[in-house]
Structures are given as structure tokens and as C-alpha cells.
Amino acid sequence: MPILILAWKSLLNRRFTALLTLLSIAFSVTLLIGVERLRGEVREGFTNTVSGTDLIVGARSGPINLLLYAVFRIGNATNNISWESYQAIANLPKVAWTIPLALGDSHRGFRVLGTTATYFAHFRYSRDRGLALAQGEPFADLYDAVLGSEVARTLGYRLGDPIVIAHGTGDVSFARHTDKPFRVAGILAPTGTPVDRTVHVSLAAIEAIHVGWESGAAAPGRSPDAAQTRELAATGALTPKAITAVLVGLKSRIATFQVQRAVNDYPEEPLLAILPGVALADLWRLIGIGERALLAVSAAVVVVGLFGMLTALLTSLNERRREMAILRSVGARPAHVLALILGEAVFLTLVGALLGVALLYGVLLLGGPLITDRLGLVIGIGPPSPAEGLLLAAVVAAGVLVGLIAGYRAYRLSLSDGLLIRV
Amino acid sequence: MTAVPVTSPAPAAIAIRDLRFRWRADLPPVLVIDALDIQPGERIFIEGPSGSGKTTLLGLLSGVLPVSDGALTVLDQPLNRLSAVERDHFRADHVGYVFQMFNLIPYLSMLDNVTLPCRFSRRRRARALARGGSLNAEAVRLLAHLDLDDPGLRARPVTELSVGQQQRVAAARALIGAPEILIADEPTSALDADRRAGFVELLFRECREAGLTLVFVSHDASLEGLFDRTLRLAELNRAAA
């Protein structure tokens, strides 16, 4: 196709504007495919905020409400579960393990979670990844705390630092448990889940800091000091009377609905058991609009990029009418003129798309570790997914459309101009 | 040459009978020519003021414009019966065209400009190859004939050539692959007065050598005497009257 050689030489002649068009397409494709990939990863990460847990049990409220406070540490439980009910659930024959959760206190804006060692053993997120300690150990002492990665990074804590827990969940609280400071025993590796924003202590510790605080504030003279509380703990007097929620792992998933029904029908107390996967998917449907909006915005960026190409092509047409009349005079058909413009548009779009994808892989290779470290998101550097392939195909199709629009205009011009040289 | 043989008329290079051209079916014709015959190898000077239909006639002869009515036969091809694509093919194969100015494609080298018609016509490509061995060799040969044999000149971007040099490159392009008809649309009007005759002489030499029919449009009457015949379009075109 000699006309394509001409198209190429003509493009080289206008290499500066061609390069700008190429880059604008490449960058917009990088953004589009990058957002698509990130979006899949975020959705995956979200619906896998909790994995391996078969049921989440709390006091009876709504599934989303329970999910919000038990998993995302957002809002408060309307009611607690009594320790006896928790024991009953833990002792159900089909239950393999339980993770009790006690919420209600905070540390400088981050939620404090009282739990047990089973949390570190059984909590799973993102397709069966367990919690790992970046530094230190799980809590051993009553006043040990294990920090989520974001807590440690934001507040600049290191192992051994003392921290004071505030009563209630506000960032600014006048009621601080200053009489019983904690020590940072461990810092967790990033997970990309709410775990990163949580301060973990033992269940007993939650009880301990509230000894003498039964009225909601430190009772003068009645609040024992830390040493006295440790002695209290040794006697087992710090077993909590109530917890906020329980994560339940079953011996077999087949029993899920059976256990769920058993919990929901528990006669002693109104309880609610939910399937985390289902509730997370429901919640995602609610907040996933943002992610789709993000994709829409990046698609709009591609459209803007292609409009730039259309503008560049149409602007060049007027300057190229002489070129077209000359080509017509040596025997080029109007269809050749269309091919000249279309070839340019297709070339720019194809190379722009390829360059954009290459750029994305470059960014992922260089920036991937940083994203994993900061956000806990692992963005795969695999080949483009079918959805990404479809997006790329749509971009190229739109480029062809732009080429056809500009090419048709050139075709009409060359028909009407004939061998007239207009300058 | 005085008596025209009735029995075996040599086929005319260009033959027009009752030709009409109108831009739209509902508009009056802008070009009406009852009869015109141009013999092969003839060098015709077409003279006419602006608006006399020169551009239209050249558009029809080169097959860019469609004939509205009547017969236009070029080299035995009835252009009035050919489709637009067939006429484009016909032009690529048989017509060399030289514009008034701005003949060259700025992003192509001098040689690429000259060999451009060979990209659109197999026939001219084959003929150029047969003559020169390679397209570039044939282009160099033609350029040398037109006094453009300086290799240093060939290396320069064509936009840096003088107007006279550009017109000669355009002539080489119109001549490559030996088309039968050469149409020149005021090719000398951008040249200095003392260069015009020289350019026309160059064209003549090449046309004579290749047996080309030359249709040369100009309003520079000083060149008229060099040609075999002069057509006054204002008289020929009844629509203009």
C-alpha cells in the first residue's frame, strides 16, 4: 500500500504535533487501563476484607450495620453479646474457631480492638492471607498492644513506645485511661484492610482499663493502678462480661446455614449471624459507584485525547489540501485520500494504545512495591485481562471512527477541489 | 498534411463532440464545446481569460470532472462513459499534470516527488523501469534532461528549491513512465519572463522525444508562437458567450 508509506512520511513531516497527539492518547490509555486494573484490585480487596470467616455474629441489628462495626470499625454496636452467649456459640459442635471482638475505645482516632490470640492465628483477608507481624510479637502482657501498619506509620510509633487509650471513640476525649498506659509490642504488616487502622489489645486489657470506670469515668480512689490490675488478671477476674461481635470459622462450610440459623434462633439473646462475603458484596454494590465513576472519568479522558487527535487531523486538512490535489493529479483516487487520513489516525491510536499499556507496565513495575507497601494492594503485572482487552479494542475502534470522520471530510474536500490547488 | 485522409483517420488524442459540463443538473452549463480534435503529438496552446472555462476543460480532460453531456474521447477511451474510479486510473496511466506552482509534496525528496506517479500507475511504473532500469535512475535521467543533474540539489528538501527548479521537477514527474498526454496549467506564470521560453523549450524537447501530446494553458500570449496551434477558449466555449 504505497499510500501508507506516504501517510507515514507525511506524519514524520509533522512529527512534533504527531508526537503530542500520540502522547495524549498514550497517557489517557495508561490512565484508563490503570484505573480498570486498580478498580478490579480494589473490588477484590474490598470483598476480601475478611476471608476464611464463615459467619460474623453480633447483637441483632442489620447485616450492613454489623459488618460496618465488626469489620470496618465504623459506627458503634447498638448492643453487646453476653459472654455466656459467646461461649455457647464457641462450643457449638460445628464451630472450629472463634475470634471475639470487643470495641469501644480508641487511640488518637484509631479504634482499639480487644481480642484474643486466635485473631492472629485465624484472621484471613484477601484470599487466605494471614496477618503477619512486621515487627515485634503478638500481645503477651496485659498492657501489650499490637498496632496496624497505618496506625504505626501515621503516629510514628515504634516498638516499646507507651500509648494511652481514650475512653470512647472520639479523637478528642477528655476521659483518657492515663492511669493504665500500654506498650507497643508488635506492628503488623500492611494488609489494605481496616486492620491497618486498628490498635489490638487483649480482651482482658479492655476489661482492665475499665476497672473502676464502671460509671463511665474514673472513680476517684476506686480505680486500681496498673500493678493491682495485673494481679486481678491473674485471678481470672478480668474475663469480660460482654463482647461486641464474634468472627466464626466452621469445620465445614456446608454447615454455614445450619449454624447461621442456630445463632439467629438463639433463645437466650437476640443475635444476628451474617455471611461476610454476601454482606460485603451488598455493601460494595452500595459504595462501588465511586469505582465505576472513576472508570467513567478515565474513559472521558480517553475521549478527550481522541478529540485532540480529531482536532489535529481536521486542522491539518486545510494545510494539506495542496498535497491532496497533487496526489489526485498523479492518479490518486479520493479513496486514497481517505486512506491517507485514516491510516494516520489508526497508526496514532494503535501506537498510542501500545505505548500507553507499556507505560502502565513500567509504572506498575517501578511503583508496584510502593503501592503494596502503602495501600496493601497487590496490583498484578499479568497480561491484559479480557475486560482490559475490550477497553483497548474500544479505544482503537474510537480511533478508527475519528479517522473515518476526518478521512471522510478529506474525501469530500478532494472531490470538490479536484485538481484545484488551494492555499 | 493539407489533405485530410477520409478513409483512415488517425485516431485523435483528444476528441470532443457536443460536450457539456454543468456543476449541477439544475444549473446552466459552464462549458459547451461542439467539436474539438487534437492529434497525437500536437502541441496545443489554450488561451483564455479567467472564467472562460480553462480549469473546467482541464478537469474534464484529466478525468477529475464527469462529463454532463456529449462525448469526450481521450486516447480512444470514452471518458464520458467511464466511472470516477476508471477515470482516476486513466489519469494515473496516461496523463501527466503540471500545476502553476506548489507542485511538490513538501515531505518527499526530489526523487520521491518525481517517481510519485509510479506509485499509482502500474503501467507508468513498468514503462519507467523499462526505460531507466530503476525508478530512481529514470527520475535522475529525466531530471538531468531538465538541467537538474546536480546531486547536491537532490539531497536538499524540495521546499528549498527555486520556483523554476520546482517547476522542472514537476515536469519530470509529469513525464516519468511516458504518459501520452501532458497537461500544463499555466506552468510558467510563476517564472521570470526570461525563463518562460526556456522552460517551454525543455517541455517541447521531452514531448517530441516521447511523442507526447501537450495541452498547455496560459494567458501569456508571448509563448503562443512556439506552439503548433492555439485554441481560444472564449471562442470555443459557447457557454461563455
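1. Two strands are taken to pair if DSSP finds at least two bridges between them, and that criterion underlies the strand pairings discussed in this note on a predicted model. In chain B, 5 strands form an open sheet in the order E6-E7-E8-E3-E9, with parallel pairing. The edges of this sheet are strand E6 (95-98) and strand E9 (229-232) of chain B, each of which pairs on one side only. On average, and with direction ignored, neighbouring strands of the sheet are turned by 20° against each other.

2. At one edge of that sheet, E6(B) pairs in the parallel sense with strand E7 of chain B, residues 181-185, over 4 bridges. A reader who wishes to locate this pairing in the coordinates may start from B:Val95, which stands opposite B:Ile181 in E7(B). As general background, the strands of a sheet pair through backbone hydrogen bonds, in either a parallel or an antiparallel arrangement.

3. Turning to the whole of chain B, its secondary structure comes to 9 helices and 9 strands. The radius of gyration of chain B is 18 Å, close to the 18 Å that the globule rule gives for 241 residues, so the chain is as compact as a globular protein of that length. Along its principal axes the C-alpha trace of chain B spans about 50 × 45 × 35 Å, and 46% of its 241 residues count as buried. Among the contacts in chain B between residues at least 6 apart in sequence, 75% join residues at least 24 apart.

4. Helix H1 of chain B deserves separate mention, since it is mostly covered, with 7 of its 8 residues buried. Among these buried residues are B:Lys54 and B:Thr56, together with B:Leu57, B:Leu58 and B:Gly59. H1(B) is followed by B:Gly63, whose phi is positive, near 80°.

5. The contact between the two chains takes 23 residues from chain B and 19 residues from chain A. On the side of chain B that touches chain A, the elements giving two or more residues are helix H1 (54-61), helix H2 (84-94) and helix H3 (110-120) of chain B. By class, this side of chain B has 15 nonpolar, 5 polar and 3 charged residues.

6. In chain A, strand E3, residues 95-107, takes part in two antiparallel pairings, one with strand E13 and one with strand E4. The pairing of E3(A) with E13(A), residues 245-250, is joined by 6 bridges, and the bridge partner of A:Pro100 in E13(A) is A:Val246. The pairing of E3(A) with E4(A), residues 110-115, runs over 4 bridges, and here A:His107 has A:Phe110 as its bridge partner in E4(A). E3(A) and E4(A) form a hairpin with 2 residues between them, and A:Arg108 in the turn has a positive phi of about 45°.

7. On confidence, chain B averages a pLDDT of 85, and 95% of its residues score at least 70. The exception to keep in mind when reading the coordinates is residues 1-8 of chain B, over which pLDDT stays under 50 and for which the model has 0 contacts beyond four places in sequence. For the complex, the predictor gives an ipTM of 0.88 and a pTM of 0.73.

How values were computed
Residues are numbered from 1 along each chain as its sequence is written. Chains are lettered from A and ligands numbered from 1 in the order in which they are written. This is a predicted model: local features need pLDDT of at least 70, side-chain atom pairs count only at pLDDT 80 or more; totals for chains, interfaces and linings use all residues. Axes are lines fitted to C-alpha atoms, for helices over the stretch in contact, and angles run from 0 to 180 degrees between N-to-C directions. Two residues are in contact if their C-beta atoms, placed from the backbone, lie within 7 Å. Ala, Val, Leu, Ile, Met, Phe, Trp, Tyr, Cys and Pro count as nonpolar, Asp, Glu, Lys and Arg as charged, and the others, Gly among them, as polar. A residue is buried if 20 or more other C-beta atoms lie within 10 Å of its own, exposed if 12 or fewer, and partly exposed in between; C-beta atoms are placed from the backbone. The radius of gyration is taken over C-alpha atoms; the globule rule is 2.2 Å times the number of residues to the power 0.38. pLDDT is the predictor's confidence in each residue, from 0 to 100.
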